[in-house]
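Have your viewer open and ready? This tour goes stop by stop, telling you what to select and what you will find there.

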Amino acid sequence: MSTVEVRVPDMGDAKDVKVVEVLVKKGDKVALEDPLITLESDKASMDVPSSAAGVIASLEVKTGDTVSAGALIAMVETDASVDTGAAKAAPAADVPVREAPASQGLDLVVLGAGPGGYTAAFRAADLGMKVTLIERWPMLGGVCLNVGCIPSKALLHAAKVIDDAADMSAAGITFGAPHIDRDKLRLWKNRVVTKLVGGLSVLAKQRKVDVVRGEAKFVGPNTLEVNGPDGLRRLEFKQCIIAAGSESVRLPGLPDDPRVIDSTGALELPVDCKRLLVIGGGIIGLEMACVYDALGAEVTVVELSDGLMPGTDRDLVRPLQKRIEKRYERILLKTKVAKLAASAAGLLATFDGPDAPEPQMFDRVLVAVGRSANGNAVNAAVAGVAVNARGIIPVDRQMRTNVPNIFAIGDVTGAPMLAHRATHQAKVAAEVAAGHKSSFDARCIPAVAYTDPEIAWVGLTETEAKERGIAFGKGVFPWLASGRSLALNRDEGFTKLLFDKESHRVIGAGIVGTNAGELIAEAGLAVEMGADAADVGLTVHAHPTLSETVAFAAEAFEGTLTDLYIPKR
Amino acid sequence: MANSIEVLVPDIGGFKDVSVIDVLVKDGQQIEKETPLITIETEKAAMDVPAPSAGKIAQVKLKSGDKVSEGSVILLLEADNAEPAEAAKEPEPKPVEPKVVEPKPPEPTAAAAANAVEPKPPAAAPAATPAAAPARPAAAGTPAAVARVDEAAFSKAYASPAIRKFARELGADLGRVKGTGVKGRITQEDVKAFVKVILTSPPSAAPAATALPKVPLVDFAAFGAVEVKPLSRIQKISGARLQASWINLPHVTQHEDADITDLEAARVELKAKAAQEGVRLTPLAFIVKACILSLKAFPRFNASLDASGENLVFKNYYNIGFAADTPNGLVVPVIADADQLGIFDIARILGEMSEKARAGKLKVKEMQGGSFTISSLGGIGGTAFTPIINAPEVAILGVSKSSQKPVYERGGFIPRLMLPLSLSYDHRVIDGAEAARFIVFLAKTLGDPKALV
């Protein structure tokens, strides 16, 4: 036997609510969920159920009292057998959720706990909102942390170590062939993920963000139905941020076979993958190709269009293509997989294209042909939210959908589907939901392919500038002249800056080479700040670094570069 | 010998950047004095600019679609006769109204704040002169454009993310903010100064209008065949002004019947005499006269609120506007200083202005400066209506169709010719009792022809 306190639960923002009726008296035996008192706010009346079973030892309120969340209602002497159950079954927030009309719903519900979702939830909580975060997977972090950016970068690092070690033979340092324990590698990668994801849970707790597990769908303009491990549950909300993300596009006509995998499957590092076919020559496909190549698999990449990484400036892609053409078994452009037949021996792919080889047998096929937005997966249309044919939810500059109290952020709002876009949109949505006048006003969003060599770009691309007829100036610095790059045993990279023809402000940049993804940040800042070529060139960069190449590119445009001889035009 | 002179756009009532909608002459053409040269379109009306003298056109200096202001060069004319001095002088600006033409570039006296505003929308700057606002309501409306952000220009503004965030919070259109930082970079102070200028401009109707809930959109074609035609130009202009008045002014309409039996008898009697003088003596002329007497007795009805909305501006002139129905839409010609005119003069001017209005030949000046407006639908029919005040005026008289009605008098019903009047007034300025007194006074005045002739 023990005595527990029963307190007034969280009632949203209702405070000093009147007790209109006391339903029990001292000595009464109450079961879990038995109503104890009736409260009446200006919006509704509701019963407060007992959060414990037992006998009322004392009553601390009487009719006419005013109470707020946390006020002591009664002391209940419990019998131990129901004690634990009671504590578990009565999360405070349940009470208003089940009983309250829409106007009393939760302040803010964030749908999806990826980089966008958790950022929105945390920012809103920091702004004083009561936030509920719904996630269908047991782990927070979404695709990015669990089966995307983070684990792939762990594996790409492993790949780089393998390749770098091998490359050092040119410098007289020869290692033996690496012994690769894929199970251990997988465990290590998972530990990286777990560390980050665990951190997220702590951050959520510290901010008192209520995390609800389950798959949510809209069932009304202010109502979500969450299907979770604890069963079906309805949540009423005042405001909602949809951060439902995206998923890999599945190609129709491929056999339903466990050896046909998407990026998530590829990150699981199947042990027996000796020959891999990557369908789709985009960033995700090429990153995974890089990992599998380093791990010793024969890799074939097949791309429908006439070049790898469609949309990216060709000059940036060329060094990558040159390198992987040598290393991979085949790179097939303007080619599609006409047929894929599964058998015990493997997956037989038939190709269709100008350079199509004979049908080839693979033991894994990675489908990486893009991602599609999850707007329809959450039944957003039921809440009146417009969802387009591709599952994308259009939003305005404040991240509002066509329904004013429902926001959408991240992949579900369309391209570019990048975590760093989502997190910035998330802050805007959270701030606007909290009543601030924020807007998403970024002028550029960087993109990075963590291939070897890395490719990164930000702002205007040369391809786009030409298409749109924008007059621009260009400064290029080839890394062949960078001491740092040569010392890293690499010489194929270059840094390219694009400038406004008149103002000489940086309007775009593309970098290919080691750590291009890190180097692109400076160019992004230059674009946002409106820095011009002289601003960048006159900023003293440390020597010898790869970052110098950004300043050198600016100097090349200015005509002040001395590390190269560029004849005057 | 021919003298080549520059023909300039004359005083067009303070309007600026007016569109040239038609060029009526071409190089080498021989023209008479008063030959229309170009047609320009102000916010209120289209008007022709006539040639100041006869001659041969040496070179047309503008084309259809150009924007012109007073003093813009229209063409070079080789004048025929030897009065070049006079010809050149005539089109020169001779402002009649108090000068509201602002200095071209901001003078050193203008605050740094004013400097931050690019002089793109030309009407914005003069709007800051409160005294000018009532005379030029169109100008006062323009700062409304400020509320909207030109995203394309915003995206090119030379401002860092933090400054852009600040501008977004304030709703400032960065594309219009001139930077005072290094190389023209926009600083936080520039954004503040920009916003301050906007805030100190006189309030206008449009920002409130943007906050209004929208009328639902209906796909009319879903219900049957439809045809889409644009509103006339005048309707587009008057529509915005009518809405501004309807939204901003608390309207109340007071109705009354005036017994005009005796007045009508007097009018019929005078009609022939008037006709001899070439004047068509309409009931409206008497109503104008009666209104002036009533306005003199109740001066608040001849007043306007100032820009602050806290003071009344009483006008010592009686410029009576009358709504004229034209094929292109509603225009309101103004009879200036109508209190100085006799009944025949009023009738004559009414006739002339109506004719001009229908022909689209009203000059801008002939539609400015009204202090009270009459909308007479009596010639058409109807028993009463609720006219919308021609803001910033504070009252408008609606006149419906007169008819014989039984009036109970000394123990019996007698037929009397009754004229229904509807007086809409701005309740911020005029109390209900005062309005009732005004309309009773007006009705009584209309009942007494001696006072009006």
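## Stop 1: a five-stranded sheet

Start in chain A of this predicted model. Select β26, β27, β28, β29 and β30 of chain A, and you have an open sheet of 5 strands. Going across the sheet, the order is β26-β27-β30-β29-β28, and the pairing is antiparallel.

Now look at the two ends of that order. β26 (447-449) and β28 (472-478) of chain A are the edge strands; each has a single partner strand, so one side of each is left without a neighbour in the sheet. On average, neighbouring strands here are turned by 10 degrees against each other, direction ignored.

Stay at the β28 edge and add β29, residues 494-500 of chain A. These two strands pair in the antiparallel sense over 7 bridges. For a pair to click on, pick A:Phe477: the residue opposite, in β29(A), is A:Thr495. As you look along the strands, remember a general rule: in a regular strand the side chains alternate between the two faces of the sheet.

## Stop 2: the helix that packs on this sheet

Keep β28 and β29 of chain A on screen and select residues 548-558 of chain A, which form helix α15. Is this helix mostly covered or mostly bare? It is mostly covered, with 10 of its 11 residues buried. Among them are A:Val550, A:Phe552 and A:Phe557, along with A:Glu548 and A:Glu555.

What do the buried residues of α15(A) pack against? Their partners are β28 and β29, which you already have selected, plus two helices of chain A, α13 (516-529) and α14 (533-538). Before leaving, click on A:Gly559, just after α15(A): it takes a positive phi of about 85 degrees.

## Stop 3: two hairpins in a row

Next, select residues 215-220 and 223-228 of chain A, which are strands β12 and β13. They pair in the antiparallel sense over 5 bridges, and they form a hairpin with 2 residues between them.

Extend the selection to β14, residues 231-242 of chain A. This strand runs antiparallel to β13(A), with 6 bridges joining the two. Here, too, the strands make a hairpin, with 2 residues between β13(A) and β14(A).

A good residue to centre on is A:Asn227. Towards β12(A), it stands opposite A:Glu215; towards β14(A), its bridge partner is A:Leu232.

## Stop 4: a sheet that includes the start of chain A

Move to the beginning of chain A and select β1, β8, β6 and β3. These 4 strands form an open, antiparallel sheet in the order β1-β8-β6-β3. The edges are β1 (2-7) and β3 (29-30) of chain A; each has a single partner strand, so one side of each is left without a neighbour in the sheet.

The partner of β1(A) to look at is β8, residues 72-78 of chain A: the two pair in the antiparallel sense over 6 bridges. Click on A:Ser2 and then on A:Thr78 in β8(A), its bridge partner.

Zoom out for a view of chain A as a whole. Its secondary structure comes to 15 helices and 30 strands. Of its 569 residues, 46% count as buried.

## Stop 5: chain B and its confidence

Now switch to chain B, which has 13 helices and 19 strands. Buried residues make up 37% of its 453 residues. Among its contacts between residues at least 6 apart in sequence, 66% join residues at least 24 apart.

Colour chain B by pLDDT. The mean is 81, and 81% of the residues reach 70 or more. Where is confidence highest and where is it lowest in this chain? The highest mean, 97, belongs to strand β17 (residues 395-399), and the lowest, 34, to helix α3 (residues 137-141).

Two stretches call for caution. Over residues 82-146 of chain B the pLDDT is below 50, although this stretch has 97 contacts in the model beyond near neighbours in sequence. Residues 205-209 of chain B are also below 50, with 12 such contacts.

## Stop 6: where the chains meet

Finally, show both chains together. How many residues of each chain are in contact with the other? There are 9 on chain B and 7 on chain A. The chain B side divides into 5 charged, 2 polar and 2 nonpolar residues. For the complex, the predictor gives an ipTM of 0.70 and a pTM of 0.56.

Methods. Residues numbered from 1 in each chain as written. Chains lettered and ligands numbered in written order. Predicted model: local features only at pLDDT ≥ 70, side-chain atom pairs only at ≥ 80, totals over all residues. Nonpolar A, V, L, I, M, F, W, Y, C, P; charged D, E, K, R; others polar. Pairing = 2+ DSSP bridges. Axes fitted to C-alpha atoms, helices over the stretch in contact; angles between N-to-C directions. pLDDT = per-residue confidence, 0-100. Buried ≥ 20, exposed ≤ 12 C-beta atoms within 10 Å, placed from the backbone.
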